[in-house]
Amino acid sequence: MGQGQVAQRLENASKTKVLVLQNLNLKRFPEEKRLGALTGLKALDCSNNEIEVVPPTALAILSPSLKTLNLSHNAMKEVRVGTVDMPALEQCDLSNNSIVALPQWPRPWPALRSLQLSGNALRSLGDSVLGSFPALRVLDLSHNALSTLPSTLFSLPQLQELNLSHNRIIVFGPTGSAYGGPRKVALPCLQILRLSHNQLRDIAPAVFTETPLNVLELEGNPLTLTELKQRPEYDVWAERQKDSINKQLQGGLVVRLNS
């Protein structure tokens, strides 16, 4: 795509309030002077390009009104957008980049409901990062290299769906929780938990007793259904379910429970 076509899309966006720049082989985020002409933009899609850096100053121009941001399938190794106030943003897709870590997220994003970070190279999340998203309902961290999880993950008040499949997690729970330590798990809305294909050997008891969980995926882990059934908290959880399907898969476990 030539610059003329990019310019045309920018012009269209001034009317539609939706800017789509996907599949243009872009190596750079749109320039600030070009974005400055857009007011009230609701959605920005820059997916499937070769963008390595998103300048916070450029994104800040769109921040007051932007509700959807798609930067998936690019070449970003670090994320700097967390320094920008995004008061209206509800959906952010950073999946399928090359992001290694999220050390911090200085600015809260109070309206964010969905955060997609799957298919990166994440090895760690800063302790305070997820605390910046109090309204988060869907979090996808699948297909990364996470072995530990920040404590803030276990205190997201509106989180409904969490996908951590295809990582390196050994214990799911706040530090020490699965082995007699603190058991605080404040996920009052969690309904779907995907933990398949990790190195999982234990789950914090509070996950079963203090959440409304009704879908659990654990296949491809050392933890077996037999081991899980020996735990009293599992019995409590299973008793709450009226319709359940338990299925053994290749030495692992998948449990799907319908409310």
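This is a short selection-by-selection tour of a predicted model.

**The whole chain**

Start with everything shown as a cartoon. The protein chain has 259 residues, of which 49% count as buried, and you can pick out six helices and 15 strands. Take the contacts between residues at least 6 apart in sequence: 50% of them join residues at least 24 apart.

Now colour by pLDDT. The chain mean is 88, and 88% of the residues reach 70 or more. Next, select residues 176-183, where pLDDT stays under 50. The model has 17 contacts beyond four places in sequence for this stretch, but where pLDDT is low, the predicted coordinates should not be read in detail.

**Two positive phi angles**

Select lysine 17, in the loop between helix H1 (3-16) and strand S1 (18-20). Lysine 17 is not a glycine, yet its phi is positive, at about 70°. Its relative accessible area is 26%, so lysine 17 is partly exposed.

Then jump to histidine 166, in the loop between S9 and S10. Histidine 166 is another non-glycine residue with a positive phi, here about 60°. With 32% relative accessibility, histidine 166 counts as partly exposed.

**Helix H3 and a contact across the sequence**

Select residues 56-62, which make up helix H3, and find alanine 60 there. Is alanine 60 buried, partly exposed or exposed? Its relative accessibility is 36%, so alanine 60 counts as partly exposed. Add valine 84 to the selection: it is 24 residues from alanine 60 in sequence, while the C-alpha to C-alpha distance is 5.9 Å.

**Aromatic rings**

Show the side chains of Phe, Tyr and Trp. How many aromatic pairs are there? The count comes to seven, with ring centres within 6.5 Å as the criterion. Zoom in on phenylalanine 154 and phenylalanine 172: their ring centres are 5.0 Å apart and their planes meet at 65°, so the pair is edge-to-face. This pair links distant parts of the chain, 18 residues apart. Phenylalanine 154 sits in the loop between strand S8 (138-140) and strand S9 (161-163), and phenylalanine 172 belongs to strand S10 (residues 171-172). Both phenylalanine 154 and phenylalanine 172 are buried.

For another stop with rings, select Trp105, Trp109 and Phe133, which form one aromatic cluster.

**Strands S11 and S13**

Select residues 192-194 for strand S11 and residues 215-218 for strand S13. The two strands run parallel and are joined by three bridges. To see one partnership, label isoleucine 192 and its bridge partner in S13, valine 215.

In a regular strand the side chains alternate between the two faces of the sheet. Turn on the side chains of S13: Val215 and Glu217 lie on one side, Leu216 and Leu218 on the other. These four residues are all buried, and both faces of S13 are covered.

**Cysteines**

Select the cysteines next. The structure holds zero disulfides. Cysteine 92 is buried, as its relative accessible area is 2%, whereas cysteine 189 is partly exposed at 28% relative accessibility.

**Last stop: helix H6**

Finish with residues 232-240, helix H6, and look down the axis. Which residues of H6 are buried? They are Glu233, Tyr234 and Trp237. These buried residues cover an arc of only 100° around the axis, so they fall on the same side of H6. Now rotate to the other side of H6, where Pro232 and Glu239 are exposed.

Key:
Residues numbered from 1 in each chain as written. Predicted model: local features only at pLDDT ≥ 70, side-chain atom pairs only at ≥ 80, totals over all residues. Heavy atoms only, no water. Buried < 20%, exposed > 50% of the residue type's maximum accessible area, 1.4 Å probe, protein only. Arc of directions from axis to C-beta. Pairing = 2+ DSSP bridges. Phe/Tyr/Trp six-rings, centres within 6.5 Å; stacked < 30°, edge-to-face > 60°. pLDDT = per-residue confidence, 0-100. Contact = heavy atoms within 4.5 Å. Disulfide = S-S within 2.5 Å.
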